[in-house]
Structure formats: C-alpha cells, structure tokens
Amino acid sequence: MRLRLDAGDITQLYVDAIVNAAKKSLLGGGGVDGAIHRAAGPELLEECKTLGGCETGEAKITKGYDLPAKHVIHTVGPVWHGGDENEAELLASCYMNSLQLAEQQGLRSIAFPCISTGVYGYPKQQAAAIAVSVCKMFTSNAQSLKEIIFSCYDDESLAIYRQLLTDS
Ligand code: APR
C-alpha cells in the first residue's frame with residue numbers, strides 16, 4: 001500500500017475512485033464539487049439525484065462517467081465552527097467511510113481532495129493531520145486498496161502534506 005501526493009487537478013487522475021467534497025444534497029456546488037461535475041458531465045448529477053443526499057461524515061458512490069476515474073465517492077465534510085462541534089470526528093469519518101466503501105467495491109486506488117478546507121473553512125494543517133492519520137491507520141487493514149493519493153490543489157496544502165508524509 002502506497003500513500004502519495006499529487007499537485008494537480010483531481011479530475012484528471014486515472015484512479016478507481018476520486019472522492020468529492022460534496023454538500024449534503026449531493027446536487028453539486030462550487031470548488032472541487034463543481035470541477036468534478038463539470039468534468040464528469042450531466043449523467044453524474046442524474047445519478048446523484050437518485051441517492052437521497054448524504055449526511056456529514058458519510059459517503060456514497062457513483063460511476064465516474066466522463067472522468068478518467070471509474071467512480072466518484074461523494075462525502076460531506078463538516079463545516080468548521082471552531083473545533084468544538086465534533087468537526088475532527090466527522091472529518092475522520094469522511095476518510096474512513098470513503099476508504100471502507102472503496103474496499104467494499106474492491107477498488108485498488110483512491111484519490112482524496114483536502115476535504116472541508118475550502119468553503120467549509122477547516123484549518124488546513126489540522127485537516128491534513130486527520131487525513132494522513134486515518135489513511136495510515138487504514139493501510140494495515142487494506143485488502144484491495146493499493147494506493148491512496150492526496151490531491152493537493154494549492155501550494156500550502158502540498159507543503160503541509162509533504163511534511164506530514166515525510167515525518168511519519
Ligand atoms: N482538484 C483538487 N482539489 C481541488 C480542486 C480540484 N479540481 N478544486 C478545488 N480543490 C480543493 C480546494 O483547494 C480545497 O483545498 O479542494 C479543497 C476543498 O475545497 P472545497 O471544494 O471548497 O470543499 P469543502 O471545503 O469541503 O466545502 C464543500 O463546497 O462547493 C461546495 O458543494 C460543495 O457545499 C460544498 C462545499
């Protein structure tokens with residue numbers, strides 16, 4: 001099992017699943033959500049409409065349509081309210097539930113964006129520490145998954161993840 005970084009656009013990755021930092025309705029939005037829907041094409045929204053939304057911390061899977069990725073795992077990160085509203089546990093659940101879903105489907109590779117660190121305002125360093133620790137913990141139980149990619153779209157996130165992966 002390999003953990004690695006990618007500095008580009010998550011929608012360009014040839015992996016079994018990319019993870020979407022979605023909103024509860026799963027009906028599209030801005031940021032990485034908007035980019036994924038644009039690149040996947042309108043059929044993604046049609047499938048999302050059948051899913052009945054998604055609670056914070058949970059995850060649901062669809063096909064990838066026009067994306068190079070075969071699937072999209074949609075998860076809803078917590079909105080940052082200062083850290084006393086269960087944000088850390090909910091963010092950890094996003095990663096854990098996405099990984100478990102990928103394993104259930106027998107997927108070999110998955111790419112995560114920096115969930116909650118854009119519009120939802122989660123501090124990047126704290127969010128990255130959770131992402132890396134959940135994924136590292138998961139590597140010991142992984143069966144089908146061989147590669148986890150952290151998609152870091154901005155330089156600050158890239159530097160934070162690079163440090164965390166070097167230190168651990
Ligand atoms: N590839 C990879 N990462 C990206 C891309 C991309 N194409 N576009 C944006 N990002 C990064 C941002 O730089 C940020 O670090 O994704 C991270 C998450 O930011 P947001 O997309 O704003 O997600 P989040 O903070 O979880 O907020 C979710 O935003 O657009 C809405 O529908 C979405 O309501 C939901 C909310």
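## The ligand pocket

A pocket, as the term is used here, is an open set of grid points with protein on both sides within 12 Å along at least five of seven lines. In this predicted model, the largest pocket is the space taken by the ligand.

## Overall architecture

The protein is built from 5 helices and 6 strands. Read from the N terminus, its elements follow the order β-β-α-α-β-β-α-β-α-β-α. The radius of gyration is 14 Å, close to the 15 Å that the globule rule gives for 168 residues, so the protein is as compact as a globular protein of that length. The C-alpha trace spans about 40 × 35 × 30 Å along its principal axes.

## The shell around the ligand

The ligand is surrounded by 20 residues. Asp9, Gly30, Asp33, Ser116 and Val119 are the closest of these. By character, the residues of the shell comprise 9 nonpolar, 7 polar and 4 charged.

Which element supplies the largest share of the shell? That share, 4 residues, comes from helix H1, which covers residues 31-40.

## Polar contacts and coverage

Oxygen atoms of the ligand take part in polar contacts with the protein backbone. One such contact involves serine 116, where a polar backbone atom is 2.8 Å from a ligand oxygen atom. At tyrosine 120, a polar backbone atom likewise lies 3.0 Å from an oxygen atom of the ligand.

A side chain also contributes: an N or O atom in the side chain of threonine 117 is 3.0 Å from an oxygen atom of the ligand. On its own the ligand has 710 Å² of accessible area, and the protein covers 92% of that area.

Notes
Residues are numbered from 1 along each chain as its sequence is written. This is a predicted model: local features need pLDDT of at least 70, side-chain atom pairs count only at pLDDT 80 or more; totals for chains, interfaces and linings use all residues. Side-chain values use heavy atoms; hydrogens and water are left out. A residue is near a molecule or strand if one of its heavy atoms lies within 4 Å of it. A polar contact is a pair of N or O atoms within 3.5 Å; within protein, one must be able to donate a hydrogen and the other to accept it, and residues adjacent in sequence count only if both atoms are side-chain atoms. Accessible areas come from the Shrake-Rupley method with a 1.4 Å probe; for residues, only the protein chains shown count as cover. On a 1 Å grid over the protein atoms alone, a cavity is a set of points where a 1.4 Å probe fits but cannot get out, and a pocket is an open set with protein on both sides within 12 Å along at least five of seven lines; lining residues have an atom within 4 Å of a point. A molecule sits in a cavity or pocket if more than half of its atoms lie within 2 Å of its grid points. Helices (H or I, at least four residues) and strands (E, at least two) are DSSP runs, numbered from the N terminus. Ala, Val, Leu, Ile, Met, Phe, Trp, Tyr, Cys and Pro count as nonpolar, Asp, Glu, Lys and Arg as charged, and the others, Gly among them, as polar. The radius of gyration is taken over C-alpha atoms; the globule rule is 2.2 Å times the number of residues to the power 0.38.
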